[in-house]
Amino acid sequence: MTNAQRILELKMNHALGADDLKALYTTLNAEEEQMLFDAACEARRAVYGTDVYLRGLIEFSSWCKNNCTYCGIRRGNRNCGRYRLDPDEIVECADKGHALGFRTIVLQSGEDPWYTDDIICDIVSRIRRAHPDTAITLSIGEKSRESYQRYFDAGANRYLLRHETINPEHYRMLHPEEMSRDNRIRCLYDLREIGYQVGCGIMVGSPYQTVDYIVEDLLFMKEFHPQMIGIGPFIPHKDTPFRDMERGTVEDTLHLLSIIRLLQPDVLLPATTALGTIDPRGREKGILAGANVVMPNLSPTGVRTKYMLYDGKICTGDEAAECRRCMERRVEQVGYHVVVSRGDWKG
C-alpha cells in the first residue's frame, strides 16, 4: 500500500492497521504530506465547517504533589515559582472570560491538595450559576471516581487528562513510581462513564518515545474514542531531569494531528500553545493540519510566568483581551473563523 492509498483508506474508512500507520507516519514526502493535510481539513470541515472554538484557560495553581520527570512544575523543582489563585480570583477570571466571549472555561492546575473537593465544587458551582451557557472543563489530574462525580454534579462538563503514553514501560520512564498507567486509564474510563466529555492525549517526541509507542497510542485513542485529544510537542524544561533531551518537532506534531483527525473526524483537536512555542506560526499550521480548537490564556498576567511546564512558553505577558484578539486574527488569516460558542463535540 502506498501513502496515497493509506491516506485514502483513512479518509474513507477512518481506520488503518498498525503497520500502515507506522509507514504513513515515517515515510511521508512533501506531496504526500500536503495530501494528508488536505484530507484532514476536508474531514474536519465535514463535521465542524470552518469554525474554530476558543477555550479560555485559567492556570490556577503551580503546586503539584507529583514528580513527573518532564514537567517544570514537578514537586522536586525548587526553582519553580509557586502560586495559588484563591476561589474568588478564579471566578473573577471566568467572569472576565465570559465578558470577552468565551463560552468554555478550562480550569487547569498541578495536582494541588490545597484545593479540596469542597473547594473545587464551590468554584465550579459558582461559575455554573453565573454563566449557565458556559461549558466548564477541568484539568486537575488523577482523582477518585467519587471526586469526579462530585465535580460533575457541581456543574463541570468536560475533563482533560492526557494519558501521555499507553505503553507501560514508557509510562514508567516519564512518571514517579507511585503513579501508574493503569490508574491513569482507570480515571479516563471513570470520567466517561460519569458523563463527561473526556480528553486524553500525548506529548510528541517525549523522551524514549518510539514510533511503535506512538502507533500504540493512536490505536488506543481510536478504541477509547474521546471527545477531545490534546497533543503537542515535548519541550524540555531546564529544571527537570530531561533538560538536555531533544524536543519534539513541528512536522511530527502536524502529521499526527492530521492522522488523528482522519481516524476520528468528530474529535475536538487543539492547536496547542506548545506548538506555537516551537514555531511562530505553529498554531496556524495546526489548524491547517486539522485542528479546530485554540486555548488563549485568561490567567492573571502576574502568575503566568510561574506556570511553566516547559521552557519558552509564549503568551505569558498579554492581557486576556489581547490574547483573544490575537488568536482571532491568526485563525482568520488561514481561512477559518473563531465562533462564540461552547464548541461541543458533534459525535
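How many disulfides does the structure hold? Zero. Keep in mind as you click around that this is a predicted model.

**Stop one: the cysteines**

Start by selecting Cys68, which is in no disulfide. Now add Cys64 to your selection: its sulfur is the nearest cysteine sulfur to that of Cys68, and it sits 6.3 Å away. A disulfide needs two cysteine sulfur atoms within 2.5 Å. While Cys68 is still highlighted, switch on a surface: this residue counts as buried because its relative accessibility is 8%.

Next, pick Cys71. Which cysteine has the sulfur closest to that of Cys71? Cys64 again, at 6.4 Å, so the two sulfurs are too far apart for a bond. Cys71 is buried as well, with a relative accessible area of 13%.

**Stop two: a cavity**

Time to look for empty space. The structure holds four cavities of 30 Å³ or more, and we'll visit the second largest, which has a volume of about 40 Å³.

To find that cavity, select Arg283, Pro296, Asn297, Cys315, Asp318, Cys323, Cys326 and Met327, the residues that line it. Try coloring them by class: you should get five nonpolar, one polar and two charged residues.

Which helix gives the most to this lining? Select residues 320-333 and you have helix H14, which contributes three residues to the second largest cavity. Leave H14 shown as a ribbon with the lining residues as sticks, and rotate the view at your own pace.

Technical notes
Residues are numbered from 1 along each chain as its sequence is written. This is a predicted model: local features need pLDDT of at least 70, side-chain atom pairs count only at pLDDT 80 or more; totals for chains, interfaces and linings use all residues. Side-chain values use heavy atoms; hydrogens and water are left out. Buried means under 20% relative accessible area, exposed over 50%, partly exposed in between (1.4 Å probe, protein chains only). On a 1 Å grid over the protein atoms alone, a cavity is a set of points where a 1.4 Å probe fits but cannot get out, and a pocket is an open set with protein on both sides within 12 Å along at least five of seven lines; lining residues have an atom within 4 Å of a point. Grid points are joined across faces, edges and corners, and a volume is the space filled by probe spheres set on the points. Helices (H or I, at least four residues) and strands (E, at least two) are DSSP runs, numbered from the N terminus. Ala, Val, Leu, Ile, Met, Phe, Trp, Tyr, Cys and Pro count as nonpolar, Asp, Glu, Lys and Arg as charged, and the others, Gly among them, as polar.
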